Amino acid sequence: MLDLKIKTFEKFSLPERIEGQKGIFVRRKHEHDEDLLDLILRSKDFLRKYLFWVDDTKTLQDVAIVTDVFSKNWDNQDSFEYVFFDKITEKMVGAGGIHTISYMNKWAEYGYYLDEKAVGKGYASDFVKTMEKELFKRGIHRLVIECDAENKASAKVAERCGFSFEGCLKGAKFAYGQYRDELVYAKINVKDK
């Protein structure tokens, strides 16, 4: 008889509050919903170019529903969503997290967005680098950043953080009536080589 037991990597937790060089990254909770809605609405035209859920985010309830999903995922250790605060002013500048984790394959994928006025100030790179340390410390082997092919700022974050360009997924997303290409960047834990 064939034994098909698959050894899976142990699930882990991440800290609910992590300090980077520029930002403080805090677990997303309902206390952040109002500020998140304000950020999304204030930067709507900027964000909607690459984040196709933005048009469906109109009310506090819309944000609260998503916060509930992220909270459940956090509790199940399936994903970890943070809000980003400037380390000096303590104002919210963005949000993001580790949205996909494959414990069996030891890889995780980032997602993030910033207030339009916070772009280019290093918050996204700070988040990526800070989380990289936490994830590699917990045994993750591969980190991934995917972004819309036209999202040059997100691609630059990946490159600045030492991720390698792996390719373009042609027609990977359907949004605004057309198929859009996605760029894939990855970084391998050097301790695993």
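**A note on the aromatic core of this predicted model**

1. A good place to start is Phe12, which counts as buried because its relative accessibility is 8%, below the 20% cut-off for that label. Please keep in mind as you read that this is a predicted model.

2. Phe12 has an aromatic partner, and a search of the whole structure finds 14 aromatic pairs. The rings of Phe12 and Phe80 have centres 6.1 Å apart, and their planes meet at 10°, so this pair is stacked. Along the chain the two partners are distant: Phe12 sits in the segment before strand S1 (17-19), while Phe80 belongs to strand S3 (residues 80-86), 68 residues apart. Phe80 has a relative accessibility of 0%, so Phe80 is buried too.

3. Now turn to Phe25 and Phe127. How are their rings arranged, stacked or edge-to-face? They are edge-to-face, with 5.2 Å from centre to centre and 70° between the planes. This pair also links distant parts of the chain, as Phe25 lies in strand S2 (residues 23-27) and Phe127 in helix H4 (residues 123-137), with their positions 102 residues apart. Both Phe25 and Phe127 are buried.

4. It is worth colouring the aromatic cluster in your viewer. Phe12, Phe25, Phe80 and Phe127 are among the members of one cluster, which also takes in Trp74, Tyr82, Phe84, Tyr103, Tyr110 and Phe163.

5. Stepping back to the whole fold, you will find 5 helices and 8 strands in the protein chain. Read from the N terminus, their order is β-β-α-α-α-β-β-β-α-β-α-β-β. The radius of gyration is 17 Å, close to the 16 Å that the globule rule gives for 193 residues, so the chain is as compact as a globular protein of that length. Its C-alpha trace spans about 60 × 35 × 35 Å along the principal axes.

6. Which share of the 193 residues counts as buried? For this protein chain the figure is 47%. Contacts tell you about the path of the chain as well: of those between residues at least 6 apart in sequence, 62% join residues at least 24 apart.

7. Last, a look at the surface and the charges. The accessible surface of the protein chain comes to about 10900 Å², and carbon and sulfur atoms account for 51% of that area. The chain carries 33 positive and 33 negative side chains, and the centres of these two sets lie 5 Å apart.

How values were computed. Residues are numbered from 1 along each chain as its sequence is written. This is a predicted model: local features need pLDDT of at least 70, side-chain atom pairs count only at pLDDT 80 or more; totals for chains, interfaces and linings use all residues. Side-chain values use heavy atoms; hydrogens and water are left out. Rings of Phe, Tyr and Trp (its six-membered ring) pair if their centres lie within 6.5 Å; planes under 30 degrees apart count as stacked, over 60 as edge-to-face and the rest as tilted. Helices (H or I, at least four residues) and strands (E, at least two) are DSSP runs, numbered from the N terminus. Buried means under 20% relative accessible area, exposed over 50%, partly exposed in between (1.4 Å probe, protein chains only). The radius of gyration is taken over C-alpha atoms; the globule rule is 2.2 Å times the number of residues to the power 0.38. Contact means heavy atoms within 4.5 Å. Accessible areas come from the Shrake-Rupley method with a 1.4 Å probe; for residues, only the protein chains shown count as cover. Lys and Arg count as positive and Asp and Glu as negative; His and the chain ends are not counted. The place of a charge is taken as NZ of Lys, CZ of Arg, CG of Asp or CD of Glu.
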